[in-house]
Every structure is written in C-alpha cells, then in structure tokens.
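Got your viewer open? Let's take a short walk through this structure, one selection at a time.

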Amino acid sequence: MIRRLLFLMMTVAVCACGKAPDAGIPSGQTPAIAPDYTDVTIPYNIAPLRFRIMEGGNRFQAVFRAGGESITCRSRSGDIRIPRRAWKKLLEAHRDEDLLIEISVKQNGRWNVRPAIRNHIAADPIDTYLTYRLLEPGYVSYGNMVIQERNLENFRTRTLVSNRRELAAGTDCCINCHTPRNHDGSFTLFQVRGPLGGAVLSTPDGATRLNMKTDSTFAATVYPAWHPTLPRIVFSINNIGQLFHTADVQKIEVFDSRSDLVIYDMDTKTLSPVCRTDDALETFPVWSPDGKFLYYCSAAMPAADSTGEVSVIRDYRHIHYDLIRRPYDAATGTFGTVEIMVRASSSELSVTFPRISPDGRFLLFCLSEYGTFSIWHRNTDLYLIDFETQALRPLEKANSRETESYHTWSSNGRWIVFSSRRDDGNYTRPYIVYMDKDGHDHKPFVLPQRRPDFYDRLLKSFNIPEFMITPASRTWRQYDDIIRTPATQITYQ
Amino acid sequence: MRTSSPTSESAPIRHLLPVCRTVMATGILLFWAWYNADVIFKTQSHTLFLLDGDFFRDMLAQPAGLLRYVSRFFTHCGYFPLLGGLLLALLWLGVETLQARALHLPDWLRPVSCLIPAVLTAAQTYAGYYIYTSYDGSLLFGLPLGLAVMYTQIILLRKLTIQRGGLWTGLLLTTLTYGLAGSFGWIGGLVAAIYAWCKLPARRAVLWTAAALLAAVVLPLAAYRFVWYAPLHVCRYAPLPDSSTPEAVAALAVAAVCTALLAAAVRIKPQKDLYRLALPALVLGMALCFLFSFRDTNFRAELRMQRLLAEGAFDEIIRRADRLPQPSRAVTAYRAIALDYNGQLGNALFRIPYTYTAIPAKGKVPAEVVHEREFSLYASCINNCYMVTMTQVVNYGLRPADLQFYALCALFNGEDNLAVKNLSTLGKTIFYRKWAAEHAAYLSQSEDFLSHPVYGRIASAMSDENQLTNGNANVIEFYLRLKQGERLLFERHLMDCLYLKNLDAFWARAPRIPDLFDEIPVHIQEALALIGIVDGEDISAYHISPAIYQRVESFIAQTGSFGNNFEAARTALESTYGNMYGYYYFFRSLLDTESEQPEPGESSVN
C-alpha cells in the first residue's frame, strides 16, 4: 500500500513539474515583473528578490544565472519564490558580477523565452538590519503602529515597539523616530507621546525613559541626532500642527509653529539650548561623521500681517528651510557661528532631512517647494551635495514623480534606503539604492519581501527607515517595561 | 441531586426531544433565511477576510485567531440567507446534543435547557445586533460561537475535571479554549470555579477554584509575559482592559473575591444546583432582549431603509416611512435623504411630520444616516484624504467596506494606482469581487463614472478651491454648498437656508431659482411669498402659485391678530398652517425648543 502511495505521489510530482522549456531564442520584450527588480544593483547579502511575473500563462520559469552557476525556479501562478540558501550561495560566490534572470512563460502549450533581465551584484554589503515604523498614512489616529526590525539577509522581522493599547497600559500613545547611534543597535532612541510619553534611551549601560519636556521648553523633543562619539544628543523641539487640504494634490500639511534645537548631555542628564529663536524655525539636526559640525534646517518665521499676527497656517506655502551648519567644540561644548550651506529660500525651495555619508563626503537631503514635512509633498526629491567638488545635483535614478523622503546611509556609505510613494502615491515603501564611490546613484529597488504581493496587500506605510549593523539589543518586552516605568525628569540649563 | 442519563429518559421526553430539536432548527433556519436579510446587510461591514493561505496564517498567528477566522468565514456565509440559517441550525443542534449527552440533566430541566443553544443562536439576530456594538463585524458570528465555546467548556469542565478528576485536564481545556475563544475561556474558567464551589466539599472546592482561576487568568498572563505578546490582544474582548497593569491585577483580585463570595452564598443551600438558577435567568434575559428588539418596528425599518438607500430605492423608503405611525428620528432622516434624492425635499421638508426635526441643527444633512455612507464619501472625497475611514480602520480594523471607501476616494481623486491597489485586494474577497470588477471600469474618471447617479453627483460637487482644514464636517458641508452647480444640491442648500432661518442667504441665492426649477418647490414658494409679503421685496420674477401666496398672506394676517400672545397663536395655527414654512419660521426653533422663537409679526428677514 505504501509503495503504491509513493508511486502515485511520484507520478503526481512529475506531472506537476511538467516539461522544462527548451533553450530557444529569446523573443519579445523583457518581461514585466513586480516588484520591479530589473537593471538594479543589489548587495550580495540581500534577501531573495522574490517577484511576480506580470504576464498571462500556465507555467512560469525563472533561471537566475551568475557566472557559471544558476538557480531555477518554476511556478504555476507566476510568483517566483527563490529559495534563500541557494540565492545566498549564488550571490556570495559572484560578487561584482551580473545576475541574469531568464524568464520563460508557457502560453498556449508553448514555452516562450523572454530576453534576460540583467542586474548587478555589488561587492559592497548592505547593513544587516533595517528598522522602520509601520502605520496608516493618515496620522489622524495612531492606535496601531509598530516599530519593527527587519533582517535584510532574510525575511525575519521582529517587533521592537508596539503602541497597541494592551501594551501601553490602555493608553493611546504615538511612537516614532527609532534612531541608532552610528548604526549600532545597542545605542538606540525612540520617542513616545501621550501619558507615557518621553524619550526611551537604550545604551549598553541600561535603558530609561526620559521626560524631555521641561518648564523651560515649549514642547517635548522630536528629531534626534546622536553625536558620533560623545554621550550627547541634539534634539529639535517642535510644536507640530497638522491640517488637511480640501482640494490639492497634496493631502496633508504638517508644519511647525515653533521649533528650536537643544542638546542633551547623557552624563549630566541636562538639556541645553543650541538655537533658541523666536524669529526662526530650526529642525532636523544631524552631526557630521567626525562630530565637528552640526547640520540642521532653518526657516524664517512668516512675516506678520497688518494686524501684527504671525500665522504659519496662513503662510505655510511661504516657509522655506535653508541648510545650516555650525561648528562644535567638543572640549567646551559650544557651537560656533552659523554658516548657510544651501540657501534654498532664495529660490523659494525648502531643504529637509539632511543626512551625511559616513565618509563625510556627501550630504543627501530632500528638496521640496515649501515647508518642513516634505514626506507629504509630491514634488519632493532627493538631492546630493558632493563636498569634494562642491556640486549639488539630484539623484537622477532614485527620484520619481512621487515623494522621495527620509533617507539613511548604510555604515559603509554605499547604500541608501529612503521612503518613496512612487508605487501608488499614498503608501511609502522602503527603496534601497546603490551609491558608487563618486556618489552616483543606481536604480533603486524596493525592500524584498517573503511574498511577492506583499506591498499590494499592505495598507500601511513604511516610515523612518534606519540601517543598523547589529540588532537592537532589547526586545519588545523590555521596551514595554521601560515605557511603563516612571520617567526620569530632565533638567534644563 | 436528582439526575437522569439519556438512556434513562422517560418515554415522552425521549420522543419529544428529537421533534423539538427538528422544529427548533427548522425555525432558526427559516427565521434567518426569511426575516433576517436586513441584519445581514447591516453587518456586511465585517472585518476583511481573504481566501488565501497567507491570510489564514496571519490570522492563526493571533490568539483566538482560529475562532476569529472561523467566525469571519461564517459571517460570510450569512450573506447567503439559507446557508447562514443552515449553519445556525447546525450550531444549535450541536450544542444541544452535546449538552444532552454530557449534563444528564433532570427531565424537568430538559425543555429549559433546550433553549440555551437557542439563546446562543438568537444572539445572531436582532438581539445580537443590539449587543453588537459595531466593534468588529466578526462578532456577528463570533458572539454566538464564543458563547457556544464557553458553554461547551463549562459542560466539559464539569464532566471531565469535576466528575472524573484531573487537574491537568482542566488546565489544558481552559487554556485551549482560551486560545480558541479568548476571553470567553476566561469567563468560562470563573464559571467553572463557581460551579466547583457548588458541587464539592469546601476544601476541594477551594482547590478547584484556585485551579480554575489559575487556568483562566494566570496562564494567559504567563503567555503574555514569557511567550508572546499577542495573547493579550484578546483582552479587548475581556472585561479587563489589560491584565498586566496594577489596575488589572486589582480587578482580578476583586473578581476572585466576588467569585468566592458568590460561591459561598450559593453554598448556603448546597442542594441547589446553580444551573437551575443561573441558566434559566440567562435564557430569560436573552429572550427579553430578543423580544424587545423584535418589537421595535423603527429599528427594523431603519435596518431595511439602510439597505434600500444603498440600492437606490428612494420611493420605497418614502413609502415605508409613510406607513410608520411614529417614525423615529433615524427613519425620518432616511426619508429626508430619499426625498432629497428624488428632488422632493423642497415640497416635503415642512409638510411631512418630523422631517425637518430629523435634520440636525446647523443644516447638516442627517448625520446619523449619512455618516456611514454618503456623508463619509463626501467628506473623504472633498477632504482629499482618508481621514474618516482611516480613523475607523486604525481603531477597529480593516473591513471590506473601508477598502471600498478607499477605492472610491482614489477614483474621485483620480489616483488610479491607489484605486487599482484597493480594487485588487477587494477582488480577492468573496463578496466584493463583482463590485471591484465593476468599479475597475471607473478608472481615470471615465464617462461611466461621471454619469453614475451618485458618483457623478459627488464628483460634480467636489470643491476645486483648496483650503487647509482639520476635517471638520461643517467646513466640508460649506464647500458642498459652495458648489451650487447642480439643481439638487442647490435645492438642498436652499432648504438648509430655510431650515436655519437664514432668509438673507436664501434671498441672495434666489435669482438662480427660475433657471434651475421648472416648478418651484412648495416651501421655496412659501419662503419667497413670506419675503415678498413681510419685507416687501419684489418677487414678481418667481412663479408663485396664487393659492400658496394667498395661504401665506392669510397666515401672516392671522398671526398678527394674536398680538403678542405667542403660545395661543402657535396652538391655534398649528392644525391649519403647521405644514407651512412660515409656521416653522415663526413658531419652531432650530432645536425644536421654544427658546429661540421669533416674535410673530417681527421682520421675517434677520
């Protein structure tokens, strides 16, 4: 009986595999696949680029070929799910070589071989971990958001922080800005809003929740910037408002009615002012890799009207941020004079989210028509400053017609991850792009997922992607406990 | 305690029970199939359910996930009245049979106990809807299923752990049912503890209570702390907000003390079986709830009208509303919507009783009705974002109705990529495939879309003037009115002006009336006549029926004859002029109170 069953199973298996396509001459166009993994440069340690062949057919085959080796995947549905181990072996053995994807589709009983898709396997690895926040792109409610950590070498994902009511003492709270120091998962920081609000700071020495709102500051801290070597963090303090367009290509308008910069000393647990101005809005701080300069964005407050009223809501389209930097003396803990790096306001443009490459040569930022929250401006693109050549240029291949925003450099400076709404204009997805040593961008590809249709079904946005070379040193339970413990009150000097 | 096994049943009972079961199951089936269609429609807003393995695995990853998956699946079966009825009948039969075999109830209790599964299934109908709080559509079937699981658990616990012993069996059962049924298992554990108190000597009862509480509370807590965070999700359904907070621990302690006290009270009369008291009381309560909801004609009419509104059967809504002797506010609001769609609002607003009081103050469209469908659509489309739905999704989970909403918003805003994404997901559901396929034809705001009776109307009303807003409904309403390019909207806008007694605004817009109406609606004629008579404005450009003009003239004259005796005028004129705008203007206030009444004879334009 068992033999009969085995025979039957083998027969069924052979029938299911069917006849492999003959090696014919490729014809037609390069097949459309989703996600678009064509002509891209990928790290050799990335998880398999699983995709769906967007053509009609009964059977599908994809052969991944690099050097003399290949992997063959067959499918009836068009979903190509590459086995992880074979993929890893193939890519590691063929760094800095091309990866060909030969796709064949069986239509009307005949196999059609398509021209091969050519990708390139970069010799530079990508950081192993990526953290991001998942949330509905509405910002009206925040009852169900998580900060997750994804292993880029496979598909493993773990939740670091969740704001589900069950996990936050039945309270509503917003969580945001999970930021590591120097891509190190043992130094992390994220913010919590609401009754259990504060900055949750995690270091190898311990973790604590800090109440960053003091009597001398008008709001809690928002955007952080770890100093690369010293136990200091610069924060922006923002009074953030949010309104909705009634009829516009943009949907949401987020603006600061007031913002300043402060620096937090982890040793003394004190906040000190960096910029405390009434006539300017300062935000998005970031340190240079050597810690000698602090970069940030600054905009002049709108002019008062005839009644003397200043309104950022009324003049939101006239708020333009420039890119500023100030030298920092680590010995005295003082900042030098302001130097304007990009005077975008003179062109009625706005600079946001500056990020400097680890080697200090490139500075990448978002450029949009106005305002601070470029992530909801459809015309936002990524621009690069090359400090060696003093050239300023857009990322030609990475930018799209939709929003590109919130970008992070990998620790080796060869990869960038950024949020893009290019797929549907509404949901941000993490796109990874290779930057060569001269700062030229290659075609980006979306973060690969276990299921090819993952992004079609996910109705949440990926927000604030950050690379890490080591996993976060704490689990969600530990973070949850930290959130529940009484906060340490910070003093202001 | 006097018990009897199934084999020792008396002859009448033995022969009667199968007949009762068959009749009851048939009754449930017929009731569901014949009468419950409106509830089915109402609860179409169940949580998203996809028929693929990934979705199944995602659901299983959650505690009580299997139950929720099955519940959602069964909820879909409810779309087919016969299938839904059959499932409910089978559920009833299963629980009843299990009960009969496990409990060995005395003969006199058998007929009563037959009702318990019936109560479980009754939770499915109007009574269920009364309990159902629109929190999660899967509760429609989840509620009776969860109750059934709980009830079965009680039976099995009694049979396996109390009669035959075995602490570990009890723990295992409770944990399993907790995993399946969430808080129902928790409640079941408590009930089992109470039951143990009733049935056992004191020392053993204490042990069993401790074991049951351990199983019901501590194990899930342990799972939360040491295994995986998700089990606590089920506490959404539990009476406790969060089992890991000090408040929750205190609440647990209180619950344990109450349990002990209750058990102690019951033990005063050890011969009394708790079953004899608690379960008939449960049956009675549920039956009363069911009967109450069943007798509420307005409630049933509201459910029916919601379906009719979606089907566009406006005449039928008006007809049904006319038949109701005392239509509720919600029902009248449906009628107002239907009248508006039919272009009859201007003739009926102050003629049909309750119609104008059904429309809330500030001239909004009837919010309680439109909120879920039309108004939300207006709001989202004009607001150019997904605020309304997004809030619901974040708080209550994604439903196909929300996805429909997303897709429509994307269609209105010309976001084809987004619309395709949403329609694609809807195409994978069981009951929205057709809808998704139909709406795929509306991409790129096709001619079909713009000529659609509802979508076209909304599309024409969308504002092209951008402004920042916090999503306030009044702002949206304002934009809706501002866009007066269509007759029906214009008529509604005029009605709002009349309703708000803003005759200045009404008069300012009056010049467009002759162009947009072949025959001016009655109430607009009345308002024009009022303005002409009281304020002396020139209304010769408007074709006003002589009969209406004379009636308004007569009303004004009679109002003046009462002098300052407001109450007397109001009472005396109501029967003759109560259905006229002038009467509303002088004698009714926006909120139907007497505090804002203008004095008779006062200038009509303010």
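The tour has three stops, after a word on how to read the model.

This is a predicted model: local features need pLDDT of at least 70, side-chain atom pairs count only at pLDDT 80 or more, and totals for chains, interfaces and linings use all residues. Residues are numbered from 1 along each chain as its sequence is written, while chains are lettered from A and ligands numbered from 1 in the order in which they are written.

**A sheet in chain A**

Select residues 33–34 and 79–80 of chain A: these are β1 and β6, the edge strands, each pairing on one side only. The open sheet has 3 strands in the order β1-β3-β6, with antiparallel pairing. (Strands are DSSP runs of E, at least two residues, and helices runs of H or I, at least four, numbered from the N terminus; two strands pair if DSSP finds at least two bridges between them.) Now add β3(A), residues 51–53, which pairs with β1(A) over 2 bridges. Look for A:Ile33 and its bridge partner A:Ile53.

**A residue in a strand**

Next, pick A:Cys275, in strand β20 (residues 270–275) of chain A. Buried or exposed? A:Cys275 is buried, with 23 other C-beta atoms within 10 Å (buried takes 20 or more, with C-beta atoms placed from the backbone). Show A:Ser298 too: its C-alpha atom is 10.0 Å from that of A:Cys275.

**Two helices in chain B**

Finally, select residues 522–535 and 546–561 of chain B, helices α31 and α32. Their axes, lines fitted to C-alpha atoms over the stretch in contact, come within 9 Å and cross at roughly 55 degrees.

Technical notes:
Axes fitted to C-alpha atoms, helices over the stretch in contact; angles between N-to-C directions. Buried ≥ 20, exposed ≤ 12 C-beta atoms within 10 Å, placed from the backbone.
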